[in-house]
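The following exercises invite the reader to examine a protein model step by step. Please study the sequence and the structure before attempting each task.

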Amino acid sequence: LFDPPITKSTCLLALVVVCCCAMRASGTSTAGHVSQGTKPSAPKLSSSTAKTAAPAGKLKAFKYEVTGKVQGVFFRKYTQKTAKELGIVGWVMNTEHGTVIGEAEGSASNMERFERWLGSTGSPKSRIDGLSVTDRRDVAGASFPDFSVRRGGGGD
């Protein structure tokens, strides 16, 4: 009938793109708010950007490593949840030397928000000592279908 076939994911992605364009045209903001002196909460987002893969087009990408108490505190789970809320695709995993590494792709504004979250918020029981971001680049389209937790060296 259709080539390629229209899937539920294709329809959802099209709906999100339309909603995002409408929000941008109306000037609606999805920016979160951080209070001084407290650990920032996960960014507040509209439902139109939740749980969707990064849209096709010009995207930002980077690799990252987070140091501190980031294993055994559900850091990967919260990273995946935050990435999905921001429409970011990629992966996260523990390393054998006690850090968390990953790769992420998404819109410039959401990648900035994700980087701030990685470097300052994390999971409720985590302690972030440092964030190293490398291999910043523009990508034409998403390299990953979603944001996944990969099994690596440490424990969670």
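The exercises below concern a predicted model, and each task is followed by a worked solution.

**Exercise 1. The surroundings of Asp 129**

Task: Determine where Asp 129 lies, whether it is buried or exposed, and which residues it touches.

Solution:
- Step 1. Locate the residue: Asp 129 belongs to strand E4, which covers residues 127–139.
- Step 2. Classify its accessibility: the relative accessibility of Asp 129 is 51%. Exposed means over 50%, so Asp 129 counts as exposed.
- Step 3. List the contacts: leaving aside residues up to four places away in sequence, Asp 129 touches Thr 67 and Gly 68.
- Step 4. Consider a C-alpha distance: Val 70 is 59 residues from Asp 129 along the chain, and the C-alpha atoms of the two are separated by 9.2 Å.
- Step 5. Examine the side chain: Asp 129 and Arg 127 are joined through their side chains by a polar contact of 2.9 Å. The two side chains also meet in a salt bridge, with 2.9 Å from N to O. Arg 127 is partly exposed, at a relative accessible area of 47%.

**Exercise 2. Aromatic rings around Phe 114**

Task: Describe how the ring of Phe 114 is arranged with respect to the rings of Trp 117 and Phe 147.

Solution:
- Step 1. Choose the quantities: a pair of aromatic rings is described by the distance of the centres and the angle of the planes.
- Step 2. Count the pairs: there are 5 aromatic pairs.
- Step 3. Apply the quantities to Phe 114 and Trp 117: their ring centres are 6.4 Å apart and their planes stand at 5°. Planes under 30 degrees apart count as stacked, so this pair is stacked.
- Step 4. Place the two residues: Phe 114 and Trp 117 are 3 residues apart in helix H3 (residues 108–120), so about one helical turn separates them. Phe 114 is buried, with a relative accessible area of 0%, and Trp 117 is buried as well, with a value of 3%.
- Step 5. Turn to Phe 114 and Phe 147: the centres of these rings are 6.0 Å apart and the planes are at 75°. Because an angle over 60 degrees counts as edge-to-face, the pair is edge-to-face.
- Step 6. Relate this pair to the chain: Phe 114 lies in helix H3 and Phe 147 in strand E5 (residues 147–149), so the pair ties together parts that are 33 residues apart in sequence. Phe 147 is buried, with a relative accessible area of 1%.
- Step 7. Place the rings in a wider group: ring pairs link Phe 114, Trp 117 and Phe 147 into a cluster with Phe 62, Tyr 64 and Phe 75.

**Exercise 3. Salt bridges of strand E4**

Task: Identify which parts of the chain are linked by the salt bridges of Asp 138 and Asp 135.

Solution:
- Step 1. Begin with the total: the whole structure contains 8 salt bridges.
- Step 2. Take Asp 138: it forms a salt bridge with Lys 58, with the closest N and O atoms 3.9 Å apart. Asp 138 is in strand E4, whereas Lys 58 is in the loop between helix H1 (8–26) and strand E1 (59–69), and the pair links distant parts of the chain, 80 residues apart.
- Step 3. Compare with the accessibility: Asp 138 is partly exposed at 42% relative accessible area, while Lys 58 is exposed at 67%.
- Step 4. Take Asp 135: its salt bridge is with Lys 63, and the closest N and O atoms are 3.8 Å apart. Asp 135 lies in strand E4 and Lys 63 in strand E1, so parts that are 72 residues apart in sequence are tied together.
- Step 5. Classify this pair: Asp 135 is partly exposed at 38% relative accessible area, and Lys 63 is partly exposed at 35%.
- Step 6. Extend the picture: Asp 135 and Lys 63 are linked with Glu 103 and Arg 137 in a network of salt bridges.

**Exercise 4. Strand E3 and its partners**

Task: Establish how strand E3 pairs with E1 and with E2, and how many of its residues are buried.

Solution:
- Step 1. Examine E1: it pairs with E3 in the antiparallel sense over 7 bridges. In this part, Glu 65 stands opposite Ile 101 in E3.
- Step 2. Examine E2 (residues 89–94): its pairing with E3 is antiparallel over 6 bridges. Val 89 stands opposite Glu 105 in E3.
- Step 3. Inspect the hairpin of E2 and E3: there are 5 residues between the strands, and Gly 98 takes a positive phi near 85°.
- Step 4. Assess burial: 6 of the 7 residues of strand E3 (residues 100–106) are buried, so E3 is largely enclosed by the rest of the structure.

Conventions
Residues are numbered from 1 along each chain as its sequence is written. This is a predicted model: local features need pLDDT of at least 70, side-chain atom pairs count only at pLDDT 80 or more; totals for chains, interfaces and linings use all residues. Side-chain values use heavy atoms; hydrogens and water are left out. Helices (H or I, at least four residues) and strands (E, at least two) are DSSP runs, numbered from the N terminus. Buried means under 20% relative accessible area, exposed over 50%, partly exposed in between (1.4 Å probe, protein chains only). Contact means heavy atoms within 4.5 Å. A polar contact is a pair of N or O atoms within 3.5 Å; within protein, one must be able to donate a hydrogen and the other to accept it, and residues adjacent in sequence count only if both atoms are side-chain atoms. Rings of Phe, Tyr and Trp (its six-membered ring) pair if their centres lie within 6.5 Å; planes under 30 degrees apart count as stacked, over 60 as edge-to-face and the rest as tilted. A salt bridge is a side-chain nitrogen of Lys or Arg within 4 Å of a carboxyl oxygen of Asp or Glu. Two strands pair if DSSP finds at least two bridges between them.
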